[in-house]
Amino acid sequence: MKDLIIRVHTEIADTNIEPFRAQAEKYLADINTELQTDEDFAQAEQDCKDLKELESKTRTTIEEVVNGNADVEKIIASAKAIAEQFRTTRLALEKLVKSEKERRKQDIINEAVKKVQAAYGLVKEIRPMLAITTPMADLVKRIEEAAKNKRSIDGIEKGVNTEATNIAAELSQEIGRLKDRYKQIPEDKAYLFRDLDTLVAGNEDIAAVVAQRIADEEQRIADEKARIEAEAKAKAEAELAARQEAKKAQQKTAPEQPKEEPVKREEPTPQADAQDVPDIDVGEMGTLKITAICDIETAKKIAEIVKQHHSDVRVTWKKGE
């Protein structure tokens with residue numbers, strides 16, 4: 001773009017103000033404000049420098065020709081307006097460059113963070129443990145740090161993508177470690193591991209911890225069983241002793257009953273021989289009834305002896321009063 005020319009004597013001797021105005025307007029209209037690539041940002045930053053230079057040269061020309069001439073003032077006013085356009089456009093473009101570069105930087109960071117969050121979403125059971133060993137906030141901070149001090153968009157992308165790749169590898173390794181440790185916790189013994197998250201996330205020998213806790217639980221169950229059995233036995237013994245004491249107390253307080261004289265009964269000898277039985281003459285009666293006072297077993301034995309020696313004798317018995 002050509003510089004503004006204003007030469008003044010007592011009147012305007014030479015000026016290209018109108019072509020300069022048209023040229024300035026076209027120049028301003030052609031400035032790119034859709035910033036995406038590093039080339040766009042570089043061109044915008046150069047445009048800012050050019051605008052500042054054009055503004056400065058225009059204002060210098062103005063100062064050189066100001067002398068109170070009405071025509072000159074008119075031209076100067078036009079030149080000032082153009083210079084102001086240069087200034088306002090430059091300021092707006094500088095602001096746009098800064099905001100758009102920050103936006104692109106944040107877009108790159110956000111995209112990398114989404115990939116890391118996706119890796120987190122693939123693990124459900126061990127997510128609380130992963131949050132302990134590899135907090136998401138720390139990973140986001142690492143990605144943001146990778147974008148710092150990078151002047152170009154390409155530089156930001158390379159830095160962030162490299163860090164995101166490193167994080168993905170670290171996450172894969174840590175997820176594998178946590179899964180292996182988590183699998184060693186028996187599902188039916190989960191109640192023994194209230195500190196599950198910190199235990200799995202730590203570096204302690206988890207197999208040894210699991211074995212010890214199961215052994216302690218089995219011992220606790222055995223001790224509890226023994227305690228219950230001992231309490232039951234003690235209770236039963238106490239109840240028996242109480243019943244015995246109550247019976248003794250009842251016997252002491254009961255009135256004495258008169259003792260009955262036992263009835264003396266002569267027990268027949270079961271093995272008595274038939275010749276020891278005296279001869280009895282029954283005369284015309286034909287039937288002899290013998291009464292024996294004894295228990296039923298002795299009576300049976302007597303009946304057997306009679307039958308052995310007198311098969312024609314009918315033996316019967318009945319329980320007496």
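Which residues are exposed on the other side of α5? The legend for View 4 returns to this, after a look at the whole chain.

**View 1. The whole chain is a predicted model with nine helices and two strands.** In this predicted model, local features need pLDDT of at least 70 and side-chain atom pairs count only at pLDDT 80 or more, while totals for chains, interfaces and linings use all residues. Residues are numbered from 1 along each chain as its sequence is written, and side-chain values use heavy atoms, with hydrogens and water left out. Helices (H or I, at least four residues) and strands (E, at least two) are DSSP runs, numbered from the N terminus. Following the sequence, you meet the pattern β-β-α-α-α-α-α-α-α-α-α. The protein chain has 321 residues, and 25% of them count as buried; here buried means under 20% relative accessible area, exposed over 50%, and partly exposed in between (1.4 Å probe, protein chains only). About 23700 Å² of the protein chain is exposed, with carbon and sulfur atoms supplying 51% of that area. Such areas come from the Shrake-Rupley method with a 1.4 Å probe, and for residues only the protein chains shown count as cover. Contact means heavy atoms within 4.5 Å. Of the contacts between residues at least 6 apart in sequence, 64% join residues at least 24 apart.

**View 2. Helix α1 (residues 17-29) has its buried residues on one side.** The 13 residues of α1 should span 18 Å at 1.5 Å a residue, and the end C-alpha atoms are 18 Å apart, which agrees. The expected span is 1.5 Å times one less than the number of residues. Look for Ile17, Phe20, Ala24 and Leu28, which are buried in α1. They cover an arc of only 65° around the axis, so they sit on the same side of α1; the arc is that of the directions from the helix axis to the C-beta atoms. Turned away from that buried side is a face with the exposed residues Pro19, Lys26 and Ala29. Ser78, in helix α3 (residues 70-121), is in contact with Ile17 and Arg21, leaving aside its neighbours within four places in sequence. Ser78 counts as buried because its relative accessibility is 16%.

**View 3. Ile31 lies buried in the loop between α1 and α2 (38-65).** The relative accessible area of Ile31 is 11%. Not counting residues up to four places away in sequence, Ile31 touches Asp47, Leu51, Thr89 and Leu93. Asp47 is 16 residues from Ile31 along the chain, and their C-alpha atoms are separated by 7.4 Å.

**View 4. Helix α5 (residues 136-146) shows a buried face and an exposed side.** Leu139, Ile143 and Ala146 are the residues to find here, as they are buried in α5. Seen down the axis, the buried residues of α5 fall within an arc of 60°, so they line one face of the helix. As for the opening question, Ala137 and Lys141 are exposed on the other side of α5. Asn149 is in the loop between α5 and α6, where it is exposed with a relative accessible area of 80%. Although Asn149 is not a glycine, it has a positive phi of about 60°.

**View 5. The largest nonpolar core holds 52 residues.** A nonpolar core is a set of buried Ala, Val, Leu, Ile, Met, Phe, Trp, Tyr and Cys residues joined through side-chain atoms within 4.5 Å. Phe86, Leu93, Leu130, Ile143, Val160 and Leu171 touch the most other members of this core. The elements that give two or more residues to the core include α4 (127-133), α6 (153-182), α7 (196-201) and α8 (206-253). Helix α3 gives the most, with 13 residues. Beyond its neighbours within four places in sequence, Leu171 is in contact with Val116, Ala119, Tyr120, Leu130, Thr134 and Leu139.

**View 6. Confidence varies along the chain.** The predictor's confidence in each residue is given as pLDDT, from 0 to 100. The protein chain averages a pLDDT of 82, and 81% of the residues score at least 70. Among the elements, strand β1 (residues 6-8) has the lowest mean pLDDT (63), and helix α5 has the highest (93). Over residues 267-277, pLDDT stays under 50. Where pLDDT is low, the predicted coordinates should not be read in detail.
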